[in-house]
Structure formats: C-alpha cells, structure tokens
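Please read the following briefing alongside the sequence and the three-dimensional view.

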Amino acid sequence: MPIYEYICKDCQKHFEILTTSPGNLGIVKCPECASLDVKKAVSATHFQMGSGRPSIPSGALSGCSSRSGFS
Ligand SMILES: [Zn+2]
C-alpha cells in the first residue's frame, strides 16, 4: 500500500497519506490546520530506490540499453 508524504505550506506540518488508489489523492488536506495548500514530499521508499542508481556509470547504462535493442 503506497504511502504519500506531504508538507503543509501553511504550518509546515509533515504528514502522510495512506491510500489504496491514486484516485484518492485528488484533494489532500492538512490534518493540522485543514489547509489545502500542501506539497508532496519525497517518500522514504522512493529515496531508497533512487540511492542505488547513481553508482552505475552512465556509460554502462547507455551501452546496456543499446545492446538490448531498446529502439
Ligand atoms: Zn497545515
């Protein structure tokens, strides 16, 4: 089940929205001050997934994709 993290721009409250479908994310409201002026934060899961990739040389990535016949 995906967890989306948000930060309220009004009170800087950091909160999480747990949802079963992305369609529920149409309106996100701050639980602290009920403001709709919130911004999406990078979740911990996404951060960990991305951290492993930069260690791969860019040359290896492009070589791999061309060899696999991506185009
Ligand atoms: Zn707030």
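The notes below treat the metal site, the cysteines and some loop residues in turn.

This is a predicted model, in which local features need pLDDT of at least 70 and side-chain atom pairs count only at pLDDT 80 or more, while totals for chains, interfaces and linings use all residues. Residues are numbered from 1 along each chain as its sequence is written, and side-chain values use heavy atoms, with hydrogens and water left out.

**Zinc site**

- The sulfur atoms (SG) of Cys8, Cys11, Cys30 and Cys33 coordinate the zinc ion at 2.2 to 2.3 Å, donors being N, O and S atoms within 2.8 Å of the metal (3.2 Å for Na, K and Ca), and sites may look incomplete since water is not among the atoms.
- The arrangement is tetrahedral because the four donor atoms around the zinc ion subtend angles of 105 to 118°; four donors count as tetrahedral if all angles lie between 85 and 135 degrees.
- Along the sequence, the donor residues of the zinc ion follow the spacing C-x2-C-x18-C-x2-C.
- Distant parts of the chain are linked by the pair Cys8, in strand 1 (residues 3–8), and Cys33, in the loop between strand 2 (14–18) and strand 3 (38–41), which lie 25 residues apart; strands (E, at least two residues) are DSSP runs, numbered from the N terminus.

**Cysteine exposure and disulfides**

- Cys8 is buried, at 0% relative accessibility, and Cys30 is also buried, with a relative accessible area of 2%, whereas Cys33 is partly exposed at 37% (buried means under 20% relative accessible area, exposed over 50%, and partly exposed in between, with a 1.4 Å probe and protein chains only).
- The count of disulfides comes to zero, where a disulfide is a pair of cysteine sulfur atoms within 2.5 Å.

**Positive phi outside glycine**

- Gln12, although not a glycine, has a positive phi of about 60°; Gln12 is placed in the loop between strand 1 and strand 2 and is exposed, with a relative accessible area of 55%.
- Ala34 likewise has a positive phi, near 65°, in a residue other than glycine; Ala34 sits in the loop between strand 2 and strand 3 and is partly exposed, with a relative accessible area of 47%.

**Leu36**

- Leu36 is found in the loop between strand 2 and strand 3 and counts as exposed, with a relative accessible area of 57%.
- Leaving aside neighbours within four places in sequence, Leu36 is in contact (heavy atoms within 4.5 Å) with Ile27, Val28 and Lys29.
- The C-alpha atoms of Leu36 and Lys9 are separated by 8.9 Å, the two residues being 27 residues apart along the chain.

Definitions and conventions. Tetrahedral: all angles 85-135°; square planar, octahedral: opposite > 155°, others 65-115°. Helix = DSSP H or I, 4+ residues; strand = E, 2+ residues; numbered from the N terminus.
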